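Here are my notes for anyone opening this one for the first time. Keep the viewer open while you read, and go point by point.

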Amino acid sequence: MALLKVKFNQKKRVKLAQGLWLMNWFSVFAGILVFSMGLFLKIELRKRSEVMDNSESHFVPNSLILMGILSCAFNGFAGKICYDSLDPAKFAKWKPLLRPYLALCFLFNILIFFVALICFLMRGSLESTLAQGLKNGMKFYRDTDTPGRCFMKKTIDMLQIEFKCCGNNGFKDWFEIQWISNRYLDFSSKEVKDRIKSNVDGRYLVDGVPFSCCNPSSPRPCIQYQVTNNSAHYSYDYQTEELNLWRRGCREALLHYYSSMMSSMGAVVLLVWLFEMSVMAGLRLLHTSLESIPNPEDPECESEGWILENSLKDTLKSALESLKKLGKFNQVEAEGEGAEGEEGGKTPAITTVS
C-alpha cells in the first residue's frame with residue numbers, strides 16, 4: 001500500500017504546482033539566510049582567530065555557507081520545474097530528471113539535518129580550542145616587540161574589555177605567566193632580581209593582572225598589582241572582599257557567546273530543514289500525480305500521487321535487499337579478479353628430455 005496516497009484532478013495539480021513554486025522561492029530566501037548566518041559566524045570567528053588553537057571551529061560556518069548555496073541552487077531549480085509542470089509540453093523535458101533530482105534532495109536534507117546537529121554539538125570542540133588558544137595568547141602578551149606577535153597585547157586587552165573577562169579560567173591565570181616584557185623591567189632593582197631568581201624558569205612573576213581586567217563599575221580604584229597581598233592595601237582582604245576585577249574567565253565568556261550564537265543558528269537550520277522536507281514531499285506528490293495520469297493527452301483526467309509507492313516497512317526492506325545484492329555482487333567480482341590474478345601468476349612447467 002502506497003504511503004500518503006492522494007487523488008488529484010487538474011485543478012488540484014495546478015494548485016499544488018503553484019504552491020510549490022511559491023514555497024521554493026521562500027526556500028531560496030531561507031538559503032540566503034543560512035548563507036548569511038554562516039558568513040556572519042565566520043567573520044566573528046576570524047575576529048578572534050588569534051585566541052583559537054586550530055581552524056576546526058570554521059567547520060560550522062563553512063558548512064552553513066555551503067548549505068545556503070546548495071539550498072538556493074536546488075530550490076531555484078525546483079521552482080522552474082514546478083512552473084513548467086503547468087504546461088505538459090514543457091514538463092516532458094524535466095520528467096526523466098525528477099527521480100534523480102528527488103534522490104539528491106533527500107541527500108541534501110540529510111546534510112542540512114547533520115549541519116543543524118553540529119551547531120548544537122560543537123561546544124566541546126570549541127571549548128578545547130578556546131582553552132588552548134587563550135593560553136598561548138596570554139604567553140605572547142608581553143611580546144610587543146616580536147614580529148608576528150606584537151598585536152597580541154592589544155587583542156587580549158580588547159577581548160577582556162569587550163567580554164568583561166580576565167585570564168583563561170580566571171584572573172589568577174595571569175599569576176602563572178610573565179606578562180610584563182623584559183624591556184620594561186629594571187634589572188638593577190633588587191626586587192626584580194629576587195623575583196627572577198626565585199622562579200625556576202627565570203621568569204618575572206607577579207600577583208598582578210593587566211589593566212584590561214579592571215572593572216570600571218567598581219567604586220574603589222582598581223587593585224591591579226599585589227592582588228593577594230592584604231597588607232599592601234588599606235581595608236582590604238582579597239579572600240572575602242569582592243574584587244574590582246572581572247571574575248569570569250575569557251574561555252567561559254567566549255564559549256557562552258559562540259555557543260548561544262550557534263545554538264540559535266542550529267534552531268533556524270532545523271526550521272529550514274522541516275520546510276525543505278515539506279517542499280520535497282510536495283514535489284514528490286506532484287511528480288507521481290503527473291506520472292500516473294492514465295491518458296497524457298487528456299490533462300484534465302484524475303490521477304493519484306504518493307510519497308512512497310509501497311509502505312515504509314516494505315520500502316526499507318527492498319532497499320536493504322538491494323544493498324545486500326550490491327554487496328554480494330562486488331564480493332563475487334573481487335573474488336573473480338583474485339582468481340584470475342592467481343592463474344596469471346602461475347607459469348607452466350617445462351621439461352627437457354636429454
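1. Is Arg 247 buried, partly exposed or exposed? With a relative accessible area of 45%, Arg 247 is partly exposed, because buried would need under 20% and exposed over 50%. You'll find Arg 247 in the loop that links helix 7 (190-198) to helix 8. Have a look at Cys 165 as well: its C-alpha atom is 6.6 Å from that of Arg 247, although 82 residues separate the two along the chain. Bear in mind throughout that this is a predicted model.

2. Now the overall picture. The protein chain has 354 residues, and 39% of them are buried. Its secondary structure amounts to nine helices and two strands. Reading from the N terminus, the order is β-α-α-α-α-α-α-α-α-β-α, so to speak of the elements by number, just count along that string. The accessible surface is about 21,100 Å², and carbon and sulfur atoms account for 61% of that. Take the contacts between residues at least 6 apart in sequence: 73% of these join residues at least 24 apart.3. Helix 8 (residues 250-291) is a good place to start on the packing, and helix 1 (residues 10-47) is one of its partners. For a pair of packed helices, the description consists of the angle between the axes and the distance between them. Here the two axes come within 9 Å and cross at roughly 155°. Helix 1 is therefore roughly antiparallel to helix 8, as angles over 145 degrees count that way. The crossing of helix 1 and helix 8 is left-handed. Sorted by class, the residues in this contact are 26 nonpolar, five polar and three charged.

4. While you're on helix 1, stop at Asn 24, which sits in that helix. Asn 24 has a relative accessibility of 1%, so it counts as buried. What does Asn 24 touch, leaving out residues up to four places away in sequence? The list is Asn 75, Ala 78, Gly 79, Cys 82 and Val 279.

5. Next, helix 4 (residues 95-121), which packs against helix 8 at about 165°, with the axes 9 Å apart. That angle makes helix 4 roughly antiparallel to helix 8. The crossing of helix 4 and helix 8 is left-handed. This contact has 19 nonpolar, four polar and five charged residues.

6. Leu 102 is a handy residue to click on in helix 4. At 9% relative accessibility, Leu 102 is classed as buried. Once neighbours within four places in sequence are set aside, Leu 102 is in contact with Met 280, Leu 283, Arg 284 and His 287. Ala 78, listed earlier as touching Asn 24, is 24 residues from Leu 102 in sequence, and their C-alpha atoms are 9.7 Å apart.

7. What is the handedness of the crossing of helix 5 and helix 8? It is right-handed. From helix 5 the contact uses Arg 123, Leu 126, Glu 127, Leu 130, Ala 131 and Leu 134. Helix 8 supplies Cys 250, Arg 251, Leu 254, Leu 255, Tyr 258, Ser 259 and Met 262. By class that gives nine nonpolar, one polar and three charged residues. As for the geometry, helix 5 (residues 123-139) and helix 8 pack at an angle of about 145°, with 10 Å between their axes.

8. Last, a couple of backbone details to check. Most residues other than glycine have a negative phi. Lys 164 is not a glycine, yet has a positive phi of about 55°. Look for Lys 164 in the loop between helix 6 (152-163) and helix 7. Gln 226, also not a glycine, has a positive phi of about 50°. Gln 226 lies in the loop between helix 7 and helix 8, and its relative accessibility of 34% makes it partly exposed. Arg 247, from the opening point, is found in that loop between helix 7 and helix 8 too.

Note on methods. Residues numbered from 1 in each chain as written. Predicted model: local features only at pLDDT ≥ 70, side-chain atom pairs only at ≥ 80, totals over all residues. Heavy atoms only, no water. Axes fitted to C-alpha atoms, helices over the stretch in contact; angles between N-to-C directions. Helix = DSSP H or I, 4+ residues; strand = E, 2+ residues; numbered from the N terminus. Parallel < 35°, antiparallel > 145°, perpendicular 65-115°, else oblique. Left-handed = near helix turned anticlockwise from the far one by under 90°. Nonpolar A, V, L, I, M, F, W, Y, C, P; charged D, E, K, R; others polar. Buried < 20%, exposed > 50% of the residue type's maximum accessible area, 1.4 Å probe, protein only. Contact = heavy atoms within 4.5 Å. Areas by Shrake-Rupley, 256 points an atom, 1.4 Å probe, with all protein chains shown as cover.
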